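Welcome to this short tour of a protein and the molecules it holds. Take a moment to turn the structure around before reading on.

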Amino acid sequence: MQFHKALLLGSAVILSGSLLVVPGSRAEEEKTMIRKEGVESRNEKWAEQFPLQYNSWKETRNSERIDDMLEKKPQLAILWAGYGFAKDYNAPRGHYYALQDNINTLRTGAPTGPVNGPMPTACWSCKSPDVPRMMEKEGELEFFTGKWAKYGHEISNSIGCADCHDSQTGDIAISRPFLERGLEASGVKLDEISRNDMRSLVCAQCHSEYYFKKTDWVDRDGNRKVAKVVTFPWDNGLTAENMEEYYDALQFKDWTHKISRAPMLKAQHPGYEIYKTGIHARRDVSCADCHMPGRVDNGQVFTDHTIQNPLDNIENTCLSCHDQSEEEFRIVVEQKLQRKEQLMQIAMDNLAKAHLEAGKAWELGATEEEMADILQDIRHGQWRWDYSIASHASFFHAPEETLRLLALANETAQTARIKLVKVLARYGDAAYIAPDFSSKEKAQALAGVPLAKLVAEKKQFKATLVKEWEKQAVKNGILNMDSRKGMSDRSSYSD
Ligand code: HEC
Ligand code: HEC
Ligand code: HEC
Ligand code: HEC
């Protein structure tokens, strides 16, 4: 294992100031492999050899706050009307909660058995090291076939060691074949990936844009099946425009908008892609440099696995390369956030109004022909807005690119709205004003979200099927309930 290199490389880019840690002082010795074959998905098993990394990983449980984005930005429920995100959408929190949040979110519904979904198995893809375990066991196409409830009793450990480390060598490694395919499609040669690049690529496995590609296949027994394979749309490149072209050429849509009937794209979280356009990526500063700095515990030097907001640890993150004071850095980042917020707010209002005005135009009798290019504008405008902000900290990772895309989103939404005024005028309602969507309740009502019903079904699901899953996983030795001891159970709808 090349664990010794970790910190040396982590500090490869030093602008000024001194390093917090002295690599020579490390006590972390090379250890034997975790297991001879297969994926070790149980984080506690890794803890036996690597307690420091494990304990710091476990601290991601401290980031447990639920930030209900639909409360904060009610426009979202309009923008995503007819799609799962209008039901429930929270800001990200610690990796420790990824699995719980996948179960809790109203987006994944309330299955009552292994086949009634509603979402595909692909929903687990970025939540757990049991995913590479099952892919290895069953084959990737079988993994991507069926509904998510099929694997409820198998996917039991939240994002952890085997997501980023090889269970045989212990080295950092890509565990998701869909990232490898995406990289190859974009022209990257896998055998030329540097170790420093790997310090970002382990994150890119999940913090990237993807869609579910329908794939026909035949299993060993000759059964015809359809898989929904997680696929990165990187063939034309990694920018918003490159991906828009890719999706347009396929005439792909994630859903048809419930109000405007536009053929919509949902940007997932192109965090890696947008980071690549920023100055830090250009200077080879990796995700791990800011989110996994060096740390010392009892004289032992290791990589801090408490992946969190780097501003909670400025001294060991930013200030390992920069000279300025903590205070100055907070102000710089806050200003970047405010600039983004201002443009984002305008873009969201414009896009939401465009959807509602298009809905009114349909209601008045507008024709497909009159609406076609307006709906295309809405699709493209919303894609650019979503791409620019869906990865949350893009305003910091790549401020210029984020603001550029928000400006384009605004322009495109305004163009749609100008065209819509003409259509509305033609049908005698040029003065139409979109209804009020200034609260989550109002916006969800306009989007037709039956919140109370969804919550009741979810609670039932959690009290029954989820308990069965846990029991079975414990019985099969996949899950150790101690790993969840004291874990809170928060959601946007919990009391
Ligand atoms: C999100 C990805 C990710 C996860 C999850 C993760 N690691 Fe790491 N780990 C890294 C990265 C990145 C490094 C730095 C490697 C380098 O620079 O070469 C690292 C380094 C290490 C090292 C080398 C020694 C050191 O401290 O630098 C050990 C040991 C280790 N991790 C163990 C673990 C264990 C145990 C877990 C689970 C509890 C875990 N890791 C989970 C990404 C991850
Ligand atoms: C296996 C998929 C996966 C990998 C690998 C992964 N992440 Fe995440 N990450 C997620 C998911 C899912 C969430 C949201 C969890 C939630 O809200 O429950 C998340 C949340 C986060 C957060 C928010 C934490 C907080 O407390 O608010 C940060 C920061 C983050 N990831 C950074 C990284 C970095 C940096 C890497 C690589 C070193 C990485 N992630 C690797 C899936 C992943
Ligand atoms: C130069 C430092 C730096 C690098 C490099 C960096 N980040 Fe960040 N990241 C930050 C800062 C600072 C924030 C918090 C900004 C804020 O919200 O105040 C952040 C926030 C995040 C968040 C959102 C956390 C939340 O709760 O909203 C995610 C996810 C994330 N980063 C993932 C990544 C990934 C993935 C990479 C690499 C592709 C990466 N970061 C590279 C500094 C960095
Ligand atoms: C591993 C080293 C490293 C770390 C860690 C790091 N930076 Fe940087 N930062 C750089 C480099 C290199 C540049 C580019 C300098 C140049 O080329 O002019 C840069 C540029 C910047 C800039 C100017 C460009 C812009 O986007 O406005 C800001 C601001 C900045 N960093 C903030 C931060 C913050 C905040 C953190 C912590 C979350 C951080 N950096 C962490 C190396 C680092």
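For its 495 residues, a compact globule would be expected to have a radius of gyration near 23 Å, and the protein has 23 Å, so the two agree. Please keep in mind that this is a predicted model. Taken along the principal axes, the C-alpha atoms fill a box of roughly 75 × 60 × 45 Å. The secondary structure comes to 22 helices and 6 strands. Of the 495 residues, 45% count as buried. Contacts also reach across the sequence: among those between residues at least 6 apart, 75% join residues at least 24 apart.

**The cores**

Which residues of the largest nonpolar core touch the most other members? They are Trp 124, Leu 179 and Cys 203, in a core of 53 residues. Helix α11 gives the largest share of this core, 4 residues. A second, separate core has 49 residues, including Ala 77, Ile 259, Leu 343 and Trp 383.

Trp 124 is a good place to look around. Setting aside its neighbours within four places in sequence, Trp 124 is in contact with Asn 102, Val 131, Trp 148, Tyr 151 and Ile 155.

Helix α11 deserves a visit too. Its buried residues are Arg 199, Ser 200, Leu 201, Val 202, Cys 203 and Ala 204. Against which helices do they pack? Their partners are α9, α10 (177-185), α13 (271-275) and α15.

**Around two of the ligands**

Start with ligand 2, which is surrounded by 25 residues, the closest being Ser 63, Asp 101, Cys 203, Cys 206 and His 291. The elements giving two or more residues to this shell are α6 (98-104), α9 (161-164), α11 (195-204) and α15 (287-291). Cys 203, met above as a well-connected member of the largest nonpolar core, is thus also among the closest residues to ligand 2.

Now move to ligand 4, where 18 residues form the surroundings and the closest are Arg 283, Asp 289, Pro 310, Cys 318 and Cys 321. Here the elements that give two or more residues are α14 (279-282), α15 and α16 (326-364). Helix α15 therefore appears in both lists.

The table sets out the make-up of the two shells.

| Shell | Largest share | Classes of residue |
|---|---|---|
| Ligand 2 | α15, 3 residues | 13 nonpolar residues, 8 polar residues, 4 charged residues |
| Ligand 4 | α16, 3 residues | 12 nonpolar residues, 4 polar residues, 2 charged residues |

**A hairpin**

Strands make their own appearance just after α15. In what sense do β5 and β6 pair, parallel or antiparallel? Strand β5 (residues 294-297) and strand β6 (residues 300-303) pair in the antiparallel sense, over 4 bridges. Within the pair, Val 296 stands opposite Val 301 in β6. The hairpin has 2 residues between its strands, and Asn 298 takes a positive phi near 55°.

**Three stops around α21**

Our last stretch follows the chain through α21 and the loops on either side.

Gly 448 sits in the loop between α20 (440-447) and α21. Is Gly 448 buried or exposed? Gly 448 counts as exposed, because it has 12 C-beta neighbours inside 10 Å, and a residue with 12 or fewer is exposed. Even so, Gly 448 touches Ala 81 and Lys 258, not counting residues up to four places away in sequence. Gly 448 and Ala 86 are 362 residues apart in sequence, yet 9.2 Å apart in space, C-alpha to C-alpha.

Ala 456 is found in helix α21 itself. With 13 C-beta neighbours inside 10 Å, Ala 456 counts as partly exposed. Ala 456 and Ala 110 are 346 residues apart in sequence and 9.3 Å apart in space, C-alpha to C-alpha.

Thr 464 lies in the loop between α21 (451-463) and α22 (465-475). Thr 464 is exposed because it has 12 other C-beta atoms within 10 Å. What separates Thr 464 from Glu 441, in sequence and in space? The two are 23 residues apart in sequence and 29 Å apart in space, C-alpha to C-alpha.

Definitions and conventions:
Residues are numbered from 1 along each chain as its sequence is written. Chains are lettered from A and ligands numbered from 1 in the order in which they are written. This is a predicted model: local features need pLDDT of at least 70, side-chain atom pairs count only at pLDDT 80 or more; totals for chains, interfaces and linings use all residues. A residue is near a molecule or strand if its C-beta atom, placed from the backbone, lies within 6 Å of it. Ala, Val, Leu, Ile, Met, Phe, Trp, Tyr, Cys and Pro count as nonpolar, Asp, Glu, Lys and Arg as charged, and the others, Gly among them, as polar. A residue is buried if 20 or more other C-beta atoms lie within 10 Å of its own, exposed if 12 or fewer, and partly exposed in between; C-beta atoms are placed from the backbone. Two residues are in contact if their C-beta atoms, placed from the backbone, lie within 7 Å. A nonpolar core is a set of buried Ala, Val, Leu, Ile, Met, Phe, Trp, Tyr and Cys residues joined through C-beta atoms within 7 Å. Two strands pair if DSSP finds at least two bridges between them. The radius of gyration is taken over C-alpha atoms; the globule rule is 2.2 Å times the number of residues to the power 0.38.
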